Amino acid sequence: MALLAVNNLSAFYGPIQALKGISFSMEEGSVTTILGANGAGKTTTLRAICGMVRTEGSISYLGNEISGKPTEQTVASGVAHVPEGRGTFTRVTTEENLLLGSYTRRDKQAMKEDLETVYTYFPRLKERRDQQAGTLSGGEQQMLAVGRALMLRPKLMLLDEPSFGLAPLIVEELFGILKRINEQQKVSMLLVEQNATLALNLADHAYLLETGTVVISGTSDEIAADETVRRSYLGY
Amino acid sequence: MASSDQQMPGTRANPADSYELFGVKMPALRMAAILIGIVLALVLPLIVSNFAVFQMTQVLVYAIAVLGLNLLTGYNGQFSLGHSAFYALGAYTAAIMIDRYDIAFYWTIIPAGIICFVGGFLFGLPALRLDGLYLALATFALAVATPQLLKYEHFEEFTGGVQGIDVFKPDSPVGFLNADQYLYFFVLICGGLLIVGAWNLVRGRTGRAMIAIRDNPIAAKTMGINTSLYKSVTFGVSGFYTGVAGALGAIVAEYVAPDSFTFFLSVWFLVGMVVGGLASIPAAIAGGIFILYMPNVSEWVIAQFFGNDPSAKALIWVAFGLFLIFTVYVVPNGLAGLVRRFIMMFARRPGG
Amino acid sequence: MDLFLQQTLDGLATGAIYASLALAVVMIYQAIDHFNFAQGEMAMFSTFVAWQLIAWGMPFWFAFLICLVLSFIGGMLIERIVFAPIHDAPVLSHIVVFIALTLIFNALAGFIWDFTIKEFPSPFPAKLPFETNLIGPHELGVVVITLFMLGLIYAFFRFTSVGLAMRAAAANPVSAALVGISVKKMLALGWGLAALVGAVAGMMIAPKVYLEPNMMLGILLYGFAGAVVGGLTSPGGAVVGGFLMGVLENLAGEYVIGSELKLTFALVVIVAVLLFKPAGLFGRVVVQRV
């Protein structure tokens with residue numbers, strides 16, 4: 001059974017249709033990336049999975065239909081969303097942000113362990129654990145967002161443009177950590193990225209969206225080798 | 001009666017004009033409605049009881065006050081919970097002029113209006129820096145503070161303190177009208193002039209600027225509209241209208257006293273505006289009718305269940321409150337919006 | 001000097017009431033970006049409920065607690081039933097609904113308990129255990145109870161996970177949903193808390209001003225003034241602002257303007273602060289993106 005199966009999914013912002021019946025699926029343990037230009041519908045796809053926009057069609061997670069479910073329920077069943085712009089709770093501390101990530105959980109001992117795990121992945125967050133989260137740098141806030149998502153002990157992590165606005169060195173560090181998280185914590189990832197090279201490096205599968213429809217799909221090696229993708233999105 | 005729909009800049013025509021309702025062109029329909037209204041307004045007071053005439057006069061007074069509030073909130077987007085203060089200012093101005101200075105009642109109306117224009121303009125200046133909710137809060141404070149201010153002992157010489165001032169209804173100088181009818185027609189003429197004035201204001205450049213400021217103040221500024229000036233002037237004009245209503249109201253009620261001008265009076269005006277409909281001039285009249293007759297109708301209904309129990313009267317206000325909530329949920333554009341929707345359901349473009 | 005101290009301490013007692021109302025106003029403002037103009041009437045209604053319970057023979061503190069529970073539930077219900085459906089409606093709609101609630105509570109109280117003034121018992125002993133003419137027993141009791149309640153609330157928000165969740169939901173509802181917080185539930189809880197705080201304020205002030213449906217309007221105005229002075233984005237600031245307004249009210253009334261223009265004083269404070277320092281003492285200025 002696929003971890004996530006999206007079938008003929010359409011999404012609407014009011015009367016505007018942003019997704020036009022797309023279909024794709026993910027296996028457990030995989031890293032899948034959705035590529036495309038601005039406005040192609042990448043963020044909308046992630047929002048649709050979390051029940052943040054009006055949808056038609058089917059979204060199946062672990063065999064259960066989650067389309068139309070309220071966001072809180074989907075999150076509680078193990079889908080963590082690292083949103084565009086990080087979504088940091090700026091006026092509480094770093095550690096409080098992380099604790100909020102585990103809000104839906106009841107297993108106190110495991111939560112404590114997970115907090116330490118997050119600090120191991122992101123030692124800089126541990127340094128700043130009692131600082132107001134709004135004072136963290138962009139890169140640190142991005143790590144905080146990922147750490148917060150990790151605190152859910154998610155099966156599936158949705159990441160919306162994690163490289164946005166970050167310096168290349170920080171991005172490299174971050175993506176290295178993401179790879180480790182995927183392998184060590186067995187967290188599947190659905191990654192939306194404009195930076196195609198970076199994304200194809202991390203992911204094993206890729207889908208290319210253009211104005212709400214999937215135009216190309218395949219393994220990341222296949223996509224990276226594809227002529228049109230190379231010209232339009234990889235720049236060579 | 002389709003009215004005051006937003007206009008395209010540069011044109012003077014109402015876009016609804018090309019429609020027909022049951023075969024009759026809209027402008028003609030509107031004319032007919034206005035004529036019927038005028039005829040009723042002129043004829044009814046001659047045939048109904050004095051008390052009914054008194055009530056009709058009150059409706060007109062409230063309608064003018066609601067119109068004032070609507071100019072500010074409906075057309076210009078500035079919230080005010082404090083119009084009871086302007087009404088009080090107008091009322092006391094008239095009462096003091098009549099009682100302390102023996103000035104004839106008809107000379108008091110314009111000064112009351114002017115004083116309230118100045119008051120409104122002055123309050124409008126600091127209000128420029130306050131938006132939406134904050135302005136509502138500031139005007140709320142104004143309304144709550146007003147009765148106490150009116151009772152202030154150092155003003156007592158003028159205001160009559162807690163007792164207030166008694167004013168006497170003028171006698172009718174013409175034989176065929178009694179005092180109530182005479183006063184009614186006086187108020188009607190004032191009201192008519194004010195309505196025509198508002199209509200012109202709203203239809204012209206000023207009105208378009210006001211509406212532009214309401215809908216998108218930043219865009220309005222970039223179009224070269226002096227938003228500060230317009231907003232303050234609108235506050236002043238709004239104060240003028242409500243102040244005139246206050247002056248007229250003082251004469252109709254035959255007295256002014258601080259506890260007549262509490263925050264709850266502002267609430268009445270708000271109710272009249274919301275139920276009648278925002279940004280609509282006929283709505284003001286509907287609002288005035290509602291303010292006056294709703295309590296009576298409710299009282300009657302309540303009396304059926306509770307007899308003459310005086311505390312049951314308080315349920316009228318519960319009904320008012322529920323009505324307000326109902327309006328916000330179901331008919332957010334008020335009665336005027338309801339009428340518009342109804343007409344548009346049946347209106348057709350000829351040949352289409 | 002004695003007079004000054006007396007006025008100040010007495011001002012702290014009324015300030016405690018204003019601080020409570022200011023806190024309730026700011027809590028709701030942080031959650032939904034609107035002012036609860038009906039806060040005073042809700043508090044008044046709660047106080048009447050408590051009065052009724054006491055009149056039926058319940059001991060004071062028992063009635064007090066039951067009243068708090070009922071107010072909490074009532075606040076939650078109001079949020080769910082009246083405000084949830086108009087969550088995205090324009091500002092004027094919200095203002096109208098708040099005003100409608102004001103009307104309804106005021107009239108219902110008048111209908112059920114009529115408009116005559118009633119006495120509300122003070123739960124505090126008639127004499128202080130120590131000698132002083134600086135502050136009365138009721139006033140001291142009010143300050144103690146209020147500080148205790150404020151302390152509990154602070155601890156709730158600072159140290160419990162629900163408190164943290166409520167803060168998160170108010171600050172960033174989208175992110176809150178993404179960590180599984182039901183923003184709807186948090187809103188309802190916030191309203192419940194605000195109603196509870198208001199009820200405490202009402203029951204504390206009623207012995208002094210006598211219980212009748214119109215008792216809270218002026219007090220609410222001072223509560224708003226406290227919130228504005230303290231900073232509408234800062235609950236702690238609102239509390240400080242409330243206490244400050246209580247003291248200022250007394251000092252201004254004693255030394256400057258006499259006791260008759262107190263409401264005008266509040267009006268001037270509100271307008272002046274909103275004009276010249278809209279963030280208040282402790283708040284942040286909210287920058288509007290164009």
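1. Let us begin with a sheet in chain A of this predicted model. Four strands form an open sheet, in the order S2-S1-S4-S5, and their pairing is antiparallel. Here a strand is a DSSP run of E with at least two residues, a helix is a run of H or I with at least four, and both are numbered from the N terminus. Two strands pair if DSSP finds at least two bridges between them. Strand S2 (16-26) and strand S5 (64-65) of chain A stand at the edges with a single partner strand each, so one side of each has no neighbour in the sheet.

2. Before going on, a word on how to read the model. Residues are numbered from 1 along each chain as its sequence is written, while chains are lettered from A and ligands numbered from 1 in the order in which they are written. Because this is a predicted model, local features need pLDDT of at least 70 and side-chain atom pairs count only at pLDDT 80 or more, whereas totals for chains, interfaces and linings use all residues.

3. Now look inside that sheet. Strand S1 (residues 4-13) of chain A pairs with S2(A) in the antiparallel sense over eight bridges. One pair to find is Ala5(A), whose bridge partner in S2(A) is Ser25(A). Helix H1 (residues 42-49) of chain A lies across S1, S2 and strand S4 (54-61) of chain A, and runs at about 70° to S2(A). Angles run from 0 to 180 degrees between N-to-C directions, and axes are lines fitted to C-alpha atoms, for helices over the stretch in contact.

4. Strand S8 (residues 188-193) of chain A is a nice one to colour by burial. Six of its six residues are buried, meaning that 20 or more other C-beta atoms, placed from the backbone, lie within 10 Å of a residue's own. Both faces are covered: Ser188(A), Leu190(A) and Val192(A) lie on one side, with Met189(A), Leu191(A) and Glu193(A) on the other.

5. Which strands pair with S8(A) in the parallel sense? Strand S3 (residues 31-36) of chain A does so over five bridges, and there Val31(A) has Met189(A) as its bridge partner. Strand S7 (residues 156-160) of chain A also pairs with S8(A) over five bridges, with Leu159(A) opposite Leu191(A).

6. Turn next to chain C, where helix H1 (residues 2-32) and helix H9 (residues 216-230) pack at an angle of about 70°, their axes 7 Å apart. H1(C) and H9(C) are therefore roughly perpendicular, a label for angles of 65 to 115 degrees. By class, their contact has 12 nonpolar, three polar and no charged residues. Ala, Val, Leu, Ile, Met, Phe, Trp, Tyr, Cys and Pro count as nonpolar, Asp, Glu, Lys and Arg as charged, and the others, Gly among them, as polar.

7. How do the chains meet? Two residues are in contact if their C-beta atoms, placed from the backbone, lie within 7 Å. Among the two pairs of chains that touch, the most contacts are between chains B and C, where 38 residues of chain B are in contact with 38 residues of chain C. Helix H5 (132-151) of chain B is one of the contributing elements, and H5(B) gives the largest share of chain B's side, 13 residues. That side divides into 32 nonpolar, four polar and two charged residues.

8. Finally, 18 residues of chain A are in contact with 15 residues of chain C. The side of chain A has nine nonpolar, five polar and four charged residues. Chain A and chain B do not touch, and their nearest C-alpha atoms are 20 Å apart.

Technical notes
Parallel < 35°, antiparallel > 145°, perpendicular 65-115°, else oblique. Buried ≥ 20, exposed ≤ 12 C-beta atoms within 10 Å, placed from the backbone.
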